[in-house]
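I sat down today to look up a few things in this structure and jot them in my notebook. Here it is, so that you can follow along.

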Amino acid sequence: SNGSTTIIPKKPTTTVSSWPVLGSINPIATGTFVFNNDVLLPFQKVSRPISGLPPQEQEREIITNLLSTLIGNNAELITPKLKSASRDNYTMINNNNWMDSGRKTVEFEIDENVKDSIKDILSDILPLASYYNELQCFILGARRRESGQVLQALAEACGKLINDYMLTVAQLDSMNKRRELNLHKVLFYLRPIIQTMETVINICNKIQDNNLRGGNVLTMLHD
């Protein structure tokens, strides 16, 4: 197809509740995406053509971009986008009342030179990048003292999940550098993590949707 392709994750939306203000936190420091419409930290995309590379080198370059995207970094061939009704991460994190921030949906625009067959595989993997971005934002809110001990404990558990996730991405990056990886293998290794992260994000969404605290969180988790 002509032009770039926008991938919309299947369930990447979050309703943000009345979390306490987090002060002057920027996306670079939080491991979340920097969007082109971010007035604090505008990101200038500089793409280099991949069409002239041999097929194996093209795939290797795409995997490098994908792995970078999966940990909240802006890449050359994959660009995070916010839907028009969404707020950027900086606004959401620093808003006094997160309930007023509305839902956010991260989409990904893939370079027009990437083949459609590869875009299809990326569309199965990229929701994970959105889940990661959402979970980082949730952790930042839940770790605040004002959130209470239950949410702080949940944030710590989510933080351990993020650490394990980062380790997996680092291992995939090492395999890619050793030329032991292709996109089908990436999807195979990440599919269980995609399912786990989606489940965790659904829980976090429910907590934020209903502005749950303390015992109400424990009750919801038990159910």
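My entries below go through salt bridges, a nonpolar core and two helix pairs in what is a predicted model.

**Entry 1: salt bridges**

I began with the charged pairs, and the count came to six salt bridges. I wrote down three of these pairs in detail.

I looked up Arg-60 and found a salt bridge to Glu-57, with the closest N and O atoms 3.6 Å apart. Both residues sit in helix α2, which covers residues 55-70. They are three residues apart, or about one turn of the helix. I then checked whether they are buried or exposed. Arg-60 has 25% relative accessibility, so it counts as partly exposed. Glu-57 has 28%, so it counts as partly exposed too.

Next I went to Arg-143, whose side chain meets that of Glu-156 in a salt bridge at 3.4 Å, N to O. Where do the two partners lie? Arg-143 is in the loop between α5 (127-142) and α6 (149-177), while Glu-156 is in helix α6, so the pair ties together parts that are 13 residues apart in sequence. I noted a relative accessible area of 44% for Arg-143, which makes it partly exposed. Glu-156, at 43%, is partly exposed as well.

My third pair was Glu-146 with Arg-144, where the salt bridge has an N to O distance of 4.0 Å. Glu-146 is partly exposed at 48% relative accessibility, and Arg-144 is partly exposed with a relative accessible area of 31%.

I also asked which residues are joined through shared salt-bridge partners. Glu-57, Arg-60 and Arg-179 form one such network.

**Entry 2: the nonpolar core**

I turned from charges to the interior, with a general point in mind: in soluble globular proteins, nonpolar side chains tend to be buried together.

The largest nonpolar core here has 50 residues. Which members touch the most others? I found Leu-66, Leu-70, Leu-135 and Leu-190. I then listed the elements that each supply at least two residues of this core: α2, β2 (78-82), β3 (106-110), α4 (116-125), α5, α6, α7 (183-209) and α8 (214-222). The largest share comes from α7, with 11 residues.

I picked Leu-190 for a further look. Leaving aside neighbours within four places in sequence, Leu-190 is in contact with Leu-70, Ile-125, Leu-128, Thr-168 and Leu-172.

**Entry 3: α5 against α6**

Here I checked how the two helices cross. Their axes come within 9 Å and cross at roughly 145 degrees, and α5 passes α6 in a left-handed crossing. On the α5 side I listed contact residues including Leu-128, Tyr-132, Leu-135 and Phe-138. Among those they meet in α6 are Leu-151, Leu-154, Cys-158, Ile-162 and Met-166. I asked how many residues of this contact are charged. There are none, with 14 nonpolar and three polar.

**Entry 4: α7 against α8**

I finished with a second helix pair. The axes of α7 and α8 come within 11 Å and cross at roughly 140 degrees. In this case the crossing is right-handed. Ile-203, Lys-206 and Ile-207 in α7 meet Val-217, Met-220 and Leu-221 in α8. I sorted the residues of this contact into five nonpolar, no polar and one charged.

Terms used:
Residues numbered from 1 in each chain as written. Predicted model: local features only at pLDDT ≥ 70, side-chain atom pairs only at ≥ 80, totals over all residues. Heavy atoms only, no water. Helix = DSSP H or I, 4+ residues; strand = E, 2+ residues; numbered from the N terminus. Buried < 20%, exposed > 50% of the residue type's maximum accessible area, 1.4 Å probe, protein only. Axes fitted to C-alpha atoms, helices over the stretch in contact; angles between N-to-C directions. Left-handed = near helix turned anticlockwise from the far one by under 90°. Contact = heavy atoms within 4.5 Å. Nonpolar A, V, L, I, M, F, W, Y, C, P; charged D, E, K, R; others polar. Core = buried A, V, L, I, M, F, W, Y, C linked by side-chain atoms within 4.5 Å.
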